[in-house]
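Me: Please take a close look at a single part of this structure, and then set that part beside the rest of the fold. A formal, connected account would suit me best.

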Amino acid sequence: MKKSITICSALILACISLTGCGANQSNHSAAKTENASLKAENSSLKKSESTKSTSIVGSYKDDQAGAAIILNSDGTGRYVYADPTNSNTDDQLTWKKNSDNSYTINLKDSNVTSPLTGKLTGKTLTLSGDSNWNTETLSKTSKTLDLNKFLAENTKQGSQSTSQTASNASTQKSNVGTNNDSSDHPRLSDGTDVYSLPLSDPRNPDSYKQGELMDIAGDPKYRNPDGSMNDEGRALSSSIEATFHQPE
């Protein structure tokens, strides 16, 4: 009888032990599943936040260069550039994101034969291309740009700058050839100042060189951002002026 009681006690203890183990395993499994779910949720949130923070969608502009671009969420967009010397650029485009987080941008423009590469750093978009494309750096705007208005405003500014440059060139033309005043310029028999003659007049001995000076004054590569002539332009102009006929 005593032996039977001992066996029963042992069986009861074994059942309790097995029940406890089963409960522990169930709790451990539930906790593991919950942790895995939380990790997946956190990973999804981080991915979503990362995607949002690096999205290229939006409007970008460079007021100094007169360039702007809008990139839409459907992979389309538009690029404009107020060209100070040629006709303006106004192109539709398509874009896509690459595996290295750069962007390939294709302008629908026969003059742009290679795709552009866009790189987004914070709110700064850099556009680069082949040797025929000058690298541009544009800043993201807080609101969607009106590209028609942007292009019109920058075209107007460019026209004013070109007019000022032409005026400066005209003034330069009237003063080239000597450091003295106009009374020292060579004159025709009727007293006409030869440097006041049109460039096309063969009696103007330096008409071709004066034309070169005007070309230099109107060339953007010889201008500073504020519209004044840069060092290279001044040096080239001086070298040409040094060869002018001097008054006799």
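**Helix α4 and the barrel**

Reply: At the start of α4, the backbone nitrogen of Glu232 has a side-chain oxygen of Asn230 within 3.3 Å. This contact, like everything that follows, is read from a predicted model. Helix α4 itself comprises residues 231-241, and its buried residues are Gly233, Ser237 and Ile240. Because these three span an arc of only 60 degrees around the axis, they lie on the same side of α4. The face turned away from that buried side carries Asp231 and Glu232, both exposed. Glu232 therefore appears twice in this description: its backbone nitrogen takes part in the contact with Asn230, and the residue belongs to the exposed face, where exposed denotes over 50% relative accessible area.

Turning from the helix to the strands, one finds eight of them closed into a barrel, in the order β1-β2-β3-β4-β5-β6-β7-β8, with antiparallel pairing. On average, and with direction ignored, neighbouring strands of this sheet are turned by 30 degrees against each other.

Three of the pairings can be followed residue by residue. Strands β1 (residues 58-62) and β8 (residues 136-140) are joined in the antiparallel sense over two bridges, and Tyr60 has Lys140 in β8 as its bridge partner. On β8 there is also the pairing with β7, again antiparallel, over four bridges; here Thr126 is matched with Thr137 in β8. Elsewhere, β4 (residues 89-97) and β5 (residues 103-107) form an antiparallel pair over five bridges, in which Lys97 stands opposite Tyr103 of β5.

The nonpolar side chains complete the picture. In soluble globular proteins, such side chains tend to be buried together. The largest nonpolar core here has 17 residues, of which Ile69, Leu71, Tyr79, Leu93, Leu107 and Leu127 touch the most other members. At least two residues of this core come from each of β2 (67-71), β4, β5 and β7 (124-128). Apart from this core lies another, of eight residues, including Ile70, Val80, Ala82 and Leu151.

Tyr79, one of the core residues that touch the most other members, merits a separate remark. With neighbours within four places in sequence left aside, its contacts include Ile69, Leu93, Leu107 and Leu127. Polar and charged residues are also in contact with Tyr79, among them Thr89, Asp90, Asp91 and Glu136. Ala67, Ala68 and Trp133 complete the list of contacts.

Conventions:
Residues are numbered from 1 along each chain as its sequence is written. This is a predicted model: local features need pLDDT of at least 70, side-chain atom pairs count only at pLDDT 80 or more; totals for chains, interfaces and linings use all residues. Side-chain values use heavy atoms; hydrogens and water are left out. Buried means under 20% relative accessible area, exposed over 50%, partly exposed in between (1.4 Å probe, protein chains only). The arc is that of the directions from the helix axis to the C-beta atoms. A polar contact is a pair of N or O atoms within 3.5 Å; within protein, one must be able to donate a hydrogen and the other to accept it, and residues adjacent in sequence count only if both atoms are side-chain atoms. Two strands pair if DSSP finds at least two bridges between them. Axes are lines fitted to C-alpha atoms, for helices over the stretch in contact, and angles run from 0 to 180 degrees between N-to-C directions. A nonpolar core is a set of buried Ala, Val, Leu, Ile, Met, Phe, Trp, Tyr and Cys residues joined through side-chain atoms within 4.5 Å. Contact means heavy atoms within 4.5 Å.
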